[in-house]
Amino acid sequence: MKSSASIMLSMTIILILSTVGSLMLKLSNGFTLFLPTLLCLVTYSISFYLFSKAVSVIGLALGYAIWSGAGTALNALASYLFFHEPLGLHKIIILTIIILGIILINQARIPDKTASN
């Protein structure tokens, strides 16, 4: 079984690749520009491949919660930084709630050692 650190590193790489893929998706102008389209397809493909490996270890529910929640937050931040899309207080609060949900789901998967005693 992989260590928690290697799983978190894998999920971090997956999140970065999928965020880059999302940025390239926007830059591809509907898949009409070659380089952004190619980068989109390559980063998404690698991300999906690595995700398939990660969920075999951490499970689909946790993996998808991390990927979708943290991915949403990263895409919102990247959109704000690179495309100057609005990121108001309302969005920041909602993204914070999503991230807290990811933390709580991750904590729920840790077995309670006192329950077996």
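Here are some notes on the fold, the core, the aromatic rings and a few individual residues of this model.

1. **What you are looking at.** This is a predicted model, so local features are taken at pLDDT of at least 70 and side-chain atom pairs count only at pLDDT 80 or more, while totals for chains, interfaces and linings use all residues. Residues are numbered from 1 along each chain as its sequence is written, and side-chain values use heavy atoms, with hydrogens and water left out.

2. **Confidence.** pLDDT is the predictor's confidence in each residue, from 0 to 100. The mean for the protein is 89, and 91% of its residues reach 70 or more. Helix α2 has the highest confidence, at a mean of 96, and α4 the lowest, at 86.

3. **Overall layout.** There are four helices and zero strands, giving the pattern α-α-α-α along the sequence. Helices (H or I, at least four residues) and strands (E, at least two) are DSSP runs, numbered from the N terminus. Along the principal axes, the C-alpha atoms fill a box of roughly 60 × 35 × 20 Å.

4. **Surface and burial.** Accessible areas here come from the Shrake-Rupley method with a 1.4 Å probe, and for residues only the protein chains shown count as cover. The total is about 7,800 Å², with 74% of that belonging to carbon and sulfur atoms. Buried means under 20% relative accessible area, exposed means over 50%, and partly exposed is in between (1.4 Å probe, protein chains only). On that scale, 28% of the 117 residues are buried.

5. **Contacts along the chain.** A contact means heavy atoms within 4.5 Å. Take the contacts between residues at least 6 apart in sequence: 61% of them join residues at least 24 apart.

6. **Helix α3.** This helix covers residues 60–83, and its buried residues are L62, G63, A65, I66, W67, G69, A70, G71, A73, A78 and S79. What covers them includes α1 (4–27), α2 (34–58) and α4 (89–108). Right after the helix comes H84, with a positive phi near 55 degrees.

7. **The nonpolar core.** By definition, a nonpolar core is a set of buried Ala, Val, Leu, Ile, Met, Phe, Trp, Tyr and Cys residues joined through side-chain atoms within 4.5 Å. The largest one has 12 residues: I7, M11, I14, L15, F51, A54, I58, L62, I66, W67, A70 and I102. Helices α1, α2 and α3 are the elements that give two or more residues to this core.

8. **Which rings pair up with W67?** Ring pairs link F48, F51 and W67 into a cluster. The rule takes rings of Phe, Tyr and Trp (its six-membered ring) with centres within 6.5 Å; planes under 30 degrees apart count as stacked, over 60 as edge-to-face and the rest as tilted. That gives two aromatic pairs. F48 and W67 have ring centres 5.2 Å apart and planes at 75 degrees, so they are edge-to-face. This pair links distant parts of the chain, with F48 in α2 and W67 in α3, 19 residues apart. F51 and W67 have ring centres 4.1 Å apart and planes at 45 degrees, so that pair is tilted. Here too helix α2 is tied to helix α3, because F51 lies in the former and W67 in the latter, 16 residues apart in sequence. Both F51 and W67 are buried, W67 at 12% relative accessibility.

9. **A charge over a ring.** The charged end of K26 sits over the ring of F83, 5.2 Å from its centre. The test is NZ of Lys or CZ of Arg within 6 Å of the ring centre and within 35 degrees of the ring normal.

10. **E85 and K2.** E85 lies in the loop between α3 and α4 and is partly exposed, with a relative accessible area of 28%. Not counting residues up to four places away in sequence, E85 touches K26, S79 and Y80. K2 is in the segment before α1, is partly exposed at 45%, and touches I7 and V57 by the same sequence cut-off. K2 and E85 are 38 Å apart, C-alpha to C-alpha, and 83 residues apart in sequence.

11. **L25.** This residue of helix α1 is partly exposed, at 36% relative accessibility. Leaving aside neighbours within four places in sequence, L25 is in contact with F31, C40 and Y44. The C-alpha atoms of L25 and T37 are 6.6 Å apart, with their positions 12 residues apart in sequence numbering.
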